[in-house]
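Student: Hello! I am new to this protein and would like to get to know it step by step. Could we look at it together?

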Amino acid sequence: MAEDNGNPIWKNRVESWKEKKNKKKKPATTKVEREAEIPPEQQMEDKPAPDASQPLSTIIPIPKSRLAPYRTVIIMRLIILGLFFHYRVTNPVDSAFGLWLTSVICEIWFAFSWVLDQFPKWYPVNRETYIDRLSARYEREGEPDELAAVDFFVSTVDPLKEPPLITANTVLSILALDYPVDKVSCYISDDGAAMLTFESLVETADFARKWVPFCKKFSIEPRAPEFYFSQKIDYLKDKVQPSFVKERRAMKRDYEEYKIRINALVAKAQKTPDEGWTMQDGTSWPGNNPRDHPGMIQVFLGYSGARDIEGNELPRLVYVSREKRPGYQHHKKAGAENALVRVSAVLTNAPFILNLDCDHYVNNSKAFPQRFDGIDRSDRYANRNTVFFDVNMKGLDGIQGPVYVGTGCVFNRQALYGYGPPSMPSFPKSSSSSCSCCCPGKKEPKDPSELYRDAKREELDAAIFNLREIDNYDEYERSMLISQTSFEKTFGLSSVFIESTLMENGGVAESANPSTLIKEAIHVISCGYEEKTAWGKEIGWIYGSVTEDILTGFKMHCRGWRSIYCMPLRPAFKGSAPINLSDRLHQ
C-alpha cells in the first residue's frame, strides 16, 4: 500500500532529509572563508536589488483631520446615551413595571450592540502594496522564479441558476492572470454534478487557448471577456500596436461564437431526457443522479495538456465533482470547499489558496475585496456596501484584521490545516520594563485561559514538532510515524495528502506518477473520507453554521493568524449584483 499511495512523494522527502543530514556533517566554515570561495562578481549578484529589501506593503493611517470629527460624534453619542439611561433607570414606571423593565433591557441590548459596532470604526487604516518590490525579490533575472504558487477555487451548484457563461468568465479571468502560468491552478467545484457545467468547461478550455494570449499580448483589463467587450470606454487608449484593432475585432467575433455554443448547451439542458444525459462517447453521464454519484475529476489544461494558439503553456484547469451517496452528510458549500482543499493538495499543493464565487471574476489581473457590477445609479438595494467595505473592514484591519466574508480571500494553506502561524522571535525584556527592583524575580502566573490556549496550540503543532527528530529514523520507521502521530485521525486515510500537509512551501514531487495522483484525488473526495476526522471541526472550512466563512475565519484568528485587508485602486474582484428585491432578499 505504501508503494502505491505515498512512495513517490515520500522518497522525495527522504532525499531532502539525507541532504540536510549530509550538510550537518560537513565542518562549519567561517563567513570570511565562505565569501572568499565565491568570486566577487557573483557576490554582487547575490545582493538584492534596492527595492527588494523594502516591505511589500505599508500601512497608511487615515488623517486625524478626517477621523477627529467622527470620533467626536461617537463620544457625544456615548455621553447622551449615558444621560438617557440614567434618566430611564432613576424614573421607573410603577404602574407598568414589567413593560418598563422589558423596554430598558431591550434598550441596553441595542446600546451595547451599537457600542460594539463603533470599535471597528475607531481606527481604520489603508494599505498600499508594491508589486514591483515583490517582483524584484522573487523574480530575479537569471535565477529560478521563486514566486509562490496559488490554487484558485471556484464553486458552483446549479448551472440553471448560476449561468455557465458567468462561471466561464470567472474561469477565463483566472487563466489570464498576470502571473507565471506554472504557478496558477484553477479548480472548479461542481456540487450539482451537472453535465452542462462539464460541457461548458470543455468549451471554455478551448476558447482559453485564444483568449489568454490575446489578454497578455495587449494587457487587457478586465480579463473576463463579457465585461471587457461591454465596457463603454475608449478601448484604443494607450494601445500602440497596429494589429490591435484587427485582433480585437477577430477576438470579439470568436467570443460571440463561443457564447452561442454555450447558449446552445443551456437550451439543451432545459429538459432532462427520461433515460438521463449521455456523453459524446455514448456512455451515461455519471452524475445523472446528483445525490448519488461517484467522484469525478477531469484535468482540462495544464503542464502536459493543450497549449494556447501560440504554443505557450496554460494554467491548469481542473473539474471536480465530489462523490455523493445517500446517508452521508455533505455539508453543502463548506464540504465542497474542503473537498477542493484535499484535491488541490494532492495534485498541485500550492502554499496559497484563493477562493471565489462563480460570479466573481478577477477585475484586476495583478491582484491577488470584491465590488459589484450591474448596480443602478441610486443603488436602491445597497449592493455597494460602502459602510462595510470602506469603513468596517478598514477599521477591523486596524485592530486585528478583517473577517472572512466568503469570497475574494487568499489563505495560507497551513492555516486551513489547523496549524498555528510560524513562531515569531522572542525578544528579551529590557530592565527598565521589569519590576526586579521592587519585587522578587518570579514569573507571573499565567491566566488559565492562556494556559488552555497554549496547550491547544501545542496540540495543533504536534505533527511538525514530532518531525524534529525524524533524521534518526529509517524509511520504514518514518512511514510508521505518520500513523503513530495520529495524522490519520486528523486528516483522513491518505498518505499522499498527509505528506502534502507537512510541506510548508507546498509543491508535489517531480517523481510522482500523475495517474497515481488522480486515483488518490478521487479517494480524498469520497463521501466517507471525512468520517471520524477533524474535517469541519478543527481543520478546513468549519461545519455547523450557515455562515461557515465567518466561523472559519474566527477559528484562524483564535490560533494566532492575522488577516489583512487589501483594497487596490482598481478593485481586485467584481461580482454580479441582485437586480430586483426578491433576489436581494434571497441573498
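Student: Thanks! To begin, in which helix is I498 found?
Tutor: Happy to help, and please keep in mind that this is a predicted model. Look along the chain for the helix that spans residues 495–501. I498 is found there, in helix α19.

Student: Is I498 buried or exposed?
Tutor: A residue counts as buried when its relative accessible area is under 20%. For I498 that area is 0%, so I498 is buried.

Student: How far apart in space are I498 and E488?
Tutor: In sequence, these two are ten residues apart. Going from C-alpha to C-alpha, the distance between I498 and E488 is 7.7 Å.

Student: Now for the whole protein: how many helices and strands are there?
Tutor: The protein has 587 residues, and buried residues make up 41% of them. Its elements come to 22 helices and eleven strands.

Student: Which residues touch the most other members of the largest nonpolar core?
Tutor: This core has 51 residues. Its largest share, twelve residues, comes from helix α9, residues 195–218. Apart from it lies another core of 40 residues, which includes F497 and W535. Back in the largest core, the residues touching the most other members are I174, W211 and L317.

Student: Which residues are in contact with W211, leaving aside neighbours within four places in sequence?
Tutor: Some of the partners come before W211 in the numbering and others after it, so have both parts of the chain in view. The residues in contact with W211 are L172, A176, R223, A224, P225, Y228, F229 and M251.

Student: Which residues does UniProt list for "binding site"?
Tutor: The annotation comes from an unreviewed UniProt entry. One of its residues, S155, has its place in strand β3, residues 150–156, while D191 lies in the loop between β4 and α9. The full list is S155, K161, E162, D191 and K332.

Student: Is S155 buried or exposed?
Tutor: Not counting residues up to four places away, S155 touches S189, K333, E337, L356, D357 and C358. Its relative accessibility is 12%, and the cut-off for buried is under 20%. S155 therefore counts as buried.

Student: With which residue do the side chains of D191 meet in a salt bridge at 3.5 Å?
Tutor: D191 is buried at 10% relative accessibility, and the partner is buried at 12%. The pair links distant parts of the chain, 133 residues apart, with the partner in the loop between β6 and α12. The residue that meets D191 at 3.5 Å, N to O, is K324.

Student: Which residues are joined into one network by salt bridges that share partners?
Tutor: A search of the whole structure finds 14 salt bridges. Those that share partners join D191, R322 and K324.

Student: With which residue does R261 form a salt bridge?
Tutor: R261 lies in helix α11, its partner lies in helix α9, and the two are 58 residues apart. R261 is partly exposed at 32% relative accessibility. With closest N and O atoms 2.8 Å apart, the partner of R261 is E203.

Student: Which residues make the nonpolar surface patch of about 690 Å²?
Tutor: One of them, W109, has its place in helix α6, residues 97–122. W109 counts as exposed, because its relative accessibility is 53%. The patch is made by W109, F110, F112, L116, F119 and I399.

Student: Which residues does the UniProt annotation "transmembrane region" cover?
Tutor: This annotation also comes from an unreviewed entry, and it has two parts. Over one part the chain is 100% helix, with its end C-alpha atoms 26 Å apart. Over the other the chain is 100% helix too, with its ends 29 Å apart. The residues covered are 68–85 and 97–116.

Student: Where is the peptide bond that is cis, with omega near -10°?
Tutor: Most peptide bonds are trans, so a cis one is worth a look. Go to the loop between α9 and α10, where P222 has its place. The cis bond runs from E221 to P222.

Student: What is the phi of H331?
Tutor: H331 lies in the loop between β6 and α12 and is partly exposed, with a relative accessible area of 32%. Most residues other than glycine have a negative phi. H331 is not a glycine, yet its phi is positive, at about 60°.

Notes:
Predicted model: local features only at pLDDT ≥ 70, side-chain atom pairs only at ≥ 80, totals over all residues. Heavy atoms only, no water. Core = buried A, V, L, I, M, F, W, Y, C linked by side-chain atoms within 4.5 Å. Buried < 20%, exposed > 50% of the residue type's maximum accessible area, 1.4 Å probe, protein only. Helix = DSSP H or I, 4+ residues; strand = E, 2+ residues; numbered from the N terminus. Contact = heavy atoms within 4.5 Å. UniProt positions renumbered as here; feature names shortened; annotations may be inferred. Patch = residues over 30% accessible without salt bridge, like charges linked within 9 Å, V, L, I, M, F, W, Y side chains within 5 Å. Areas by Shrake-Rupley, 256 points an atom, 1.4 Å probe, with all protein chains shown as cover. Salt bridge = Lys/Arg side-chain N within 4 Å of Asp/Glu carboxyl O.
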